Amino acid sequence: MGRLVDGIWKDEWYDTGSDGKFKRSESQFRDWITVDGKPAEGRERGFKAEPGRYHLYVSYACPWAHRTLVYRKLKKLEDVISVDVVHHFMGENGWTFVEEDGATGDTLYGSEFLHQIYTRADPTYSGRVTVPVLWDKKEQTIVSNESSEIIRMLNSAFDAWGDASVDLSPAHLRREIDAVNDRVYPAINNGVYRAGFATTQGAYEEAFDELFDALDDMEQRLARSRYLVGDKTTEADWRLFTTLIRFDAVYYSHFKCNLRQIRDYPNLSNYLRDLYQVPGIASTVNMLHIKAHYYASHETVNPTRIVPKGPELDFTAPHDRNRFRKAA
Ligand SMILES: N[C@@H](CCC(=O)N[C@@H](CS)C(=O)NCC(=O)O)C(=O)O
């Protein structure tokens, strides 16, 4: 675990500061792929959507990278955007391209470490080296390392080649999707990290309380409708999904989010199975990478690096979400 400083790799753990709170850094590559290739508003560099031009570097372990795999699958972009998967262990060199357990290596450049992809884009980059990375093979640079923006690009920019009938953030629902995301991101998606990486009791408890308040809200929301917004899955669902699927196996114990497991919530647990059973989604979930990554990589949280064997989870079991009226 570390970061780049002026293009040089430094091995260091997150600094939580005197308040013990984990603060996620802002992603730095924030360009957009657009249909016409014109830069997005306020940006200088433009990137045109083209089949075969772009590449994703992801980890199966990472909930943010997982969003991009879900979109690539649902939008049928597998032949349009290629993918490499990093190794699940993130140690002193950060993410690596060791080829094991289904990690692909760097098929573009044969790099050893993900930080070499960042310095290939910017030799003087300073900051964290995170997944996902959306890479432009033509300009040999990073378009974006911000998953929330990458998924919005995948939702619409490649519709000439992907499945244009799938729209996961329709304009008429955008405001409500954003409102749900604004609740889910700080309290749940990032909330589990805020609990798990806290270094004071107070910071941990604050994150813990906010997390379970927000899960209670989602549980109630899902008592009224099959999905979080509207009558089809949307971005709001898939952003919650990648945290829920990791919760009982990892966040409950490793990050001490142990008031309840997802399987204790009738609506959330059925909803989670419903989403998991959407065709193609199961292939984006890799529990080996998820468990091995968190328990083995976060030495300050789990110094023995022992990966627990349990729990038994069966996301293929039947769910009751068909009780809501189907979308027309
Ligand atoms: N805001 C980023 C966050 C990505 C992120 O933090 N990824 C984690 C893995 S789950 C990572 O690569 N961390 C490495 C590090 O912080 O050094 C996004 O959503 O794309």
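Visitor: In which segment is Thr304 found?
Guide: Look just past helix H9 (287–297): Thr304 sits in the segment after that helix. A helix here is a DSSP run of H or I with at least four residues, a strand is a run of E with at least two, and both are numbered from the N terminus. Residue numbers start from 1 along each chain as its sequence is written. This is a predicted model, in which local features need pLDDT of at least 70, side-chain atom pairs count only at pLDDT 80 or more, and totals for chains, interfaces and linings use all residues.

Visitor: Why is Thr304 called exposed?
Guide: Count C-beta atoms, placed from the backbone: 20 or more others within 10 Å of a residue's own makes it buried, 12 or fewer makes it exposed, and in between is partly exposed. Thr304 has 8 such neighbours inside 10 Å, so it counts as exposed.

Visitor: What makes helix H1 "mostly covered"?
Guide: Of the 12 residues in H1, 11 are buried. Among them are Trp64, His66, Leu69 and Tyr71. The cover includes strands E5 and E6 plus helices H3 (147–156), H4 (174–189) and H7 (235–251). Contact, by the way, is when two residues' C-beta atoms, placed from the backbone, lie within 7 Å.

Visitor: How do you know how long H1 should be?
Guide: The expected span is 1.5 Å times one less than the number of residues. H1 has 12 residues and reaches 16 Å from first C-alpha to last, close to the 16 Å expected. Right after H1 comes Lys76, with a positive phi near 55°.

Visitor: How does H1 (residues 63–74) lie on the strands?
Guide: H1 lies across E5 (54–58) and E6, at about 135° to E5. Axes are lines fitted to C-alpha atoms, for helices over the stretch in contact, and angles run from 0 to 180 degrees between N-to-C directions.

Visitor: What is the strand order in the open sheet?
Guide: The order of its 4 strands is E6-E5-E8-E9, with mixed pairing.

Visitor: Why are E6 (81–85) and E9 (141–144) said to stand at the edges?
Guide: Each has a single partner strand, so one side of each is left without a neighbour in the sheet.

Visitor: What makes E8 and E9 a pair?
Guide: Two strands pair if DSSP finds at least two bridges between them. E8 (residues 133–136) and E9 are joined by 3 bridges and run antiparallel, so they pass the cut-off of at least two. Across this pair, Asp136 stands opposite Thr141 in E9.
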